[in-house]
Amino acid sequence: MSSPVIISAATRHTATLIFFHGLGDTGNGWASPMAAIRQSHVKVICPTAPTMPVTLNAGFRMPSWFDLRSLDPAGPEDEEGIRKATEYVHSLIAQEVAAGISTKNIVLGGFSQGGALAMYSALTHPEPLAGIVALSTWLPLHQKFPAEALVNKDTPLLQCHGDCDPIVPYKWGQMTASFLKQFMTQTEFKTYRGMMHTSSEEEMRDVKKFLSTVLKP
């Protein structure tokens, strides 16, 4: 695993945002956009996924948090890979805690496959987190929930999705949102008209607002 892109807090570091990229990208892809919207006391960590063959892309090797076998909510999933990636996420949280940051001042976020990893890792984390940012994504291994959701059922979650997404269908985002509402108490689902599998200025403004609410100095 290559080392994450880290953008240090501009003032005294009291909170951390760990953000996971989508399939085929690297930590560099999201480091600048996230640094641009974080507050000065927030450190940003953007890890890069290991390179592996991806079934959905005809076995081509690319940065991927776990294998993607289908983009159908009922399709087969790489449970072993998802759990292994989650252990890595939890180890990143542990490193921040060891450096003196409370889990209640840590936000997990991600885009697409990275958002799936962020949501799954947050819900299965044994200590409470500050928030979850889920962009253009879905909840993996959803049949394991709510049973596997430990203490983050009350953690604020911002879920964003474009209604013209050709990769992770908007309908999948909607299904995820209504499923999460069944056991989470603070979820918000925002729709961006005409947005495809990407981000937008409007979405980044919403994420910035969310981060400033859940990561107070």
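Contact means heavy atoms within 4.5 Å of each other. The model is predicted: local features need pLDDT of at least 70, side-chain atom pairs count only at pLDDT 80 or more, and totals for chains, interfaces and linings use all residues. Residues are numbered from 1 along each chain as its sequence is written, and side-chain values use heavy atoms, with hydrogens and water left out.

**Exercise 1. Determine where N105 lies and which residues it touches.**

Step 1. N105 belongs to the loop between α2 and β6; helices (H or I, at least four residues) and strands (E, at least two) are DSSP runs, numbered from the N terminus.

Step 2. Leaving aside residues up to four places away in sequence, N105 touches T14, A15, T16, A130 and L215.

Step 3. The relative accessible area of N105 is 26%, so the residue is partly exposed. Buried means under 20% relative accessible area, exposed over 50%, and partly exposed in between, with a 1.4 Å probe and protein chains only.

Step 4. D67 is 38 residues from N105 along the chain, and 30 Å separates their C-alpha atoms.

**Exercise 2. Describe the sheet and the surroundings of strand β2.**

Step 1. The strand order in the open, seven-stranded sheet is β1-β3-β2-β6-β7-β8-β9, with mixed pairing; two strands pair if DSSP finds at least two bridges between them.

Step 2. The edges are held by β1 (5-7) and β9 (187-192); each has a single partner strand, so one side of each lacks a neighbour in the sheet. On average, neighbouring strands are turned by 15° against each other, direction ignored.

Step 3. β2 (residues 15-20) runs parallel to β6 (residues 106-111), joined by five bridges. F20 stands opposite G110 in β6, and L17 has V107 as its bridge partner there.

Step 4. Four bridges connect β2 with β3 (residues 42-46), again a parallel pair; I18 is bridged to I45 of β3.

Step 5. Six of the six residues of β2 are buried, so the strand is largely enclosed by the rest of the structure. A15, L17 and F19 point one way, whereas T16, I18 and F20 point the other.

**Exercise 3. Characterise the packing of α2 against α3 and the covering of α3.**

Step 1. Two packed helices are described by the angle between their axes and the distance between the axes. Axes are lines fitted to C-alpha atoms, for helices over the stretch in contact, and angles run from 0 to 180 degrees between N-to-C directions.

Step 2. The axes of α2 (residues 79-98) and α3 (residues 113-123) come within 9 Å and cross at roughly 70°. The two helices are therefore roughly perpendicular, a class that spans 65 to 115 degrees, with under 35 roughly parallel, over 145 roughly antiparallel and the rest oblique.

Step 3. From α2, the residues I82, R83, A85, T86, V89 and H90 meet L117, Y120 and S121 of α3. The contact residues comprise five nonpolar, three polar and one charged; Ala, Val, Leu, Ile, Met, Phe, Trp, Tyr, Cys and Pro count as nonpolar, Asp, Glu, Lys and Arg as charged, and the others, Gly among them, as polar.

Step 4. α3 is mostly covered, with 11 of its 11 residues buried. The covering elements include β2, α2, β6, β7 (131-135), β8 and α4.
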